[in-house]
Amino acid sequence: HPLLQVRDLRVQIGERTVLESVSLDVAAGSLIVLMGANGSGKSTLGMALAGHPNYHVTGGQALLAGQDLLALEAHERARAGLFVSFQSPPDIPGVKNNLFIRTALNAQREARGEEPLDAFDFLASAKQSAQALGLPQAMLGRPVNEGFSGGERKRNELLQLSLLKPRVALLDEIDSGMDVDGVRAVVTLLARLRSEGVGVVVISHYLQMIEQLEPDSVLRLDAGRIAETGDVELARSIAQTGFVRPREAVEA
Ligand code: ADP
Ligand code: MG
Ligand code: MG
């Protein structure tokens with residue numbers, strides 16, 4: 001079965017049902033682009049899958065490699081191999097970046113029955129990944145995201161992704177606030193992760209990046225459901241004509 005299988009997922013924030021019934025599959029090594037108008041619930045999907053307490057799943061299923069994600073606590077979902085990069089990555093004051101990532105990585109290794117990485121080996125690979133992503137090494141020793149610019153936060157998310165090697169990664173508007181080199185780093189990293197079998201969901205409207213990502217499918221979220229499924233042509237048509245879709249185009 002697919003690595004991530006979401007079936008008829010229904011999500012409420014407070015009293016309001018934001019996602020009515022969302023279904024999608026992410027196969028190993030595949031990349032799906034999720035598009036949708038502002039407020040259509042794209043971030044809600046990521047938050048709900050990550051297990052954020054304000055996003056209440058009131059129906060449906062989500063399986064990660066056959067395991068019931070919804071039965072797990074947020075940190076257990078991450079350990080099981082789900083990586084969600086948020087639209088606005090938060091600060092974690094007082095916790096150094098390198099320790100934060102090493103702790104997460106070793107929790108994940110433990111869950112897989114692997115030996116923990118020691119500080120020395122970890123630092124060597126962290127430095128290498130930071131360099132590949134154009135992040136100054138000094139950022140490894142700073143508190144997570146504290147004083148980081150928008151683009152640096154996004155690159156820092158990529159650093160975590162690169163070192164954690166999850167089974168499935170969902171990246172929410174990872175291109176926003178990133179410069180051209182940052183976007184190129186996203187494309188390169190995601191191509192590598194896919195070749196290693198990671199399944200990827202990218203929320204973005206940036207057509208130039210979407211084209212470079214060579215997605216397997218492009219989905220459009222509307223009114224709490226996947227309203228349309230297509231390939232990169234769907235992304236091109238949304239970029240040209242927006243989300244108010246002519247009826248013929250939707251039915252074609
Ligand atoms: P998108 O990412 O597609 O722009 P979101 O998932 O962020 O959309 O938001 C979906 C809807 O849920 C929006 O109408 C938004 O205003 C609402 N929403 C999101 N977060 C909250 C919250 N914490 N409290 C109340 N409503 C929220
Ligand atoms: Mg938004
Ligand atoms: Mg959003």
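Which strand is Leu4 found in? In this predicted model, Leu4 sits in strand 1, which covers residues 4–13. Leu4 has 27 other C-beta atoms within 10 Å, so it counts as buried. Setting aside residues up to four places away in sequence, Leu4 touches Val26, Leu64, Val168 and Gly199. Leu24 lies 20 residues from Leu4 along the chain, and the C-alpha atoms of the two are separated by 8.0 Å.

One of those contacts, Val168, leads into the nonpolar core. The largest such core has 63 residues, and Val33, Val168, Ala169 and Val202 are the ones with the most contacts inside it. This fits a general pattern: in soluble globular proteins, nonpolar side chains tend to be buried together. Val168 itself touches Leu3, Leu4, Val26, Leu64, Gly81, Leu82, Val198 and Gly199, again not counting residues up to four places away in sequence.

Val33, another of the well-connected core residues, brings strand 3 into the picture. Is this strand enclosed or open? Five of its five residues are buried, so strand 3 is largely enclosed by the rest of the structure. Both of its faces are covered, with Leu31, Val33 and Met35 buried on one side and Ile32 and Leu34 buried on the other. Strand 3 (residues 31–35) also has strand partners. Four bridges join it to strand 10 (residues 199–203), and the two run parallel; here Ile32 stands opposite Val201. Strand 3 pairs with strand 11 (residues 217–222) as well, also in the parallel sense and over four bridges. In that pairing, Val33 has Val218 as its bridge partner, while Leu34 has Leu219.

Leu219 then carries the trail onward, since its bridge partner in strand 12 is Thr229. Strand 11 and strand 12 (residues 225–230) run antiparallel and are joined by five bridges. The two form a hairpin with two residues between them, and Ala223 in the turn has a positive phi of about 50°.

That positive phi is worth a pause, because most residues other than glycine have a negative phi. Asp8, back in strand 1, is a non-glycine residue with a positive phi, near 50°. With 13 C-beta neighbours inside 10 Å, Asp8 counts as partly exposed. Asn145 is not a glycine either, and its phi is positive at about 65°. Asn145 is found in the loop between strand 8 (143–144) and helix 5. Is Asn145 buried or exposed? It has 21 C-beta neighbours inside 10 Å and therefore counts as buried.

Helix 5 comes after that loop. It runs over residues 150–164, and at 1.5 Å a residue its 15 residues should span 21 Å; the end C-alpha atoms are 21 Å apart, which agrees. Helix 5 is mostly covered, with 12 of its 15 residues buried. The buried ones include charged-type names such as Glu152, Arg153, Lys154, Arg155 and Glu157, along with Asn156, Leu158, Leu159, Gln160, Leu161, Ser162 and Leu163. What covers these buried residues? The cover includes strand 6 (82–85), helix 3 (97–111), helix 4 (119–132), strand 9 (168–172) and helix 6 (180–195). Just past helix 5 comes Lys165, with a positive phi near 45°.

Helix 1 is covered too. Eight of its nine residues are buried, so helix 1 is largely enclosed by the rest of the structure. Those buried residues are Lys42, Ser43, Thr44, Leu45, Gly46, Met47, Ala48 and Leu49. Right after helix 1, Gly51 takes a positive phi of about 95°.

Helix 1 also matters for the ligand's surroundings. Which residues are around ligand 1? They are Ile13, Gly14, Val18, Gly36, Asn38, Gly39, Ser40, Gly41, Lys42, Ser43, Thr44 and Asn54. Helix 1 (residues 42–50) gives the largest share of this shell, with three residues. Sorted by class, the shell has two nonpolar, nine polar and one charged residues.

Methods. Residues are numbered from 1 along each chain as its sequence is written. Chains are lettered from A and ligands numbered from 1 in the order in which they are written. This is a predicted model: local features need pLDDT of at least 70, side-chain atom pairs count only at pLDDT 80 or more; totals for chains, interfaces and linings use all residues. A residue is near a molecule or strand if its C-beta atom, placed from the backbone, lies within 6 Å of it. A residue is buried if 20 or more other C-beta atoms lie within 10 Å of its own, exposed if 12 or fewer, and partly exposed in between; C-beta atoms are placed from the backbone. Two residues are in contact if their C-beta atoms, placed from the backbone, lie within 7 Å. The expected span of a helix is 1.5 Å times one less than its number of residues. Two strands pair if DSSP finds at least two bridges between them. A nonpolar core is a set of buried Ala, Val, Leu, Ile, Met, Phe, Trp, Tyr and Cys residues joined through C-beta atoms within 7 Å.
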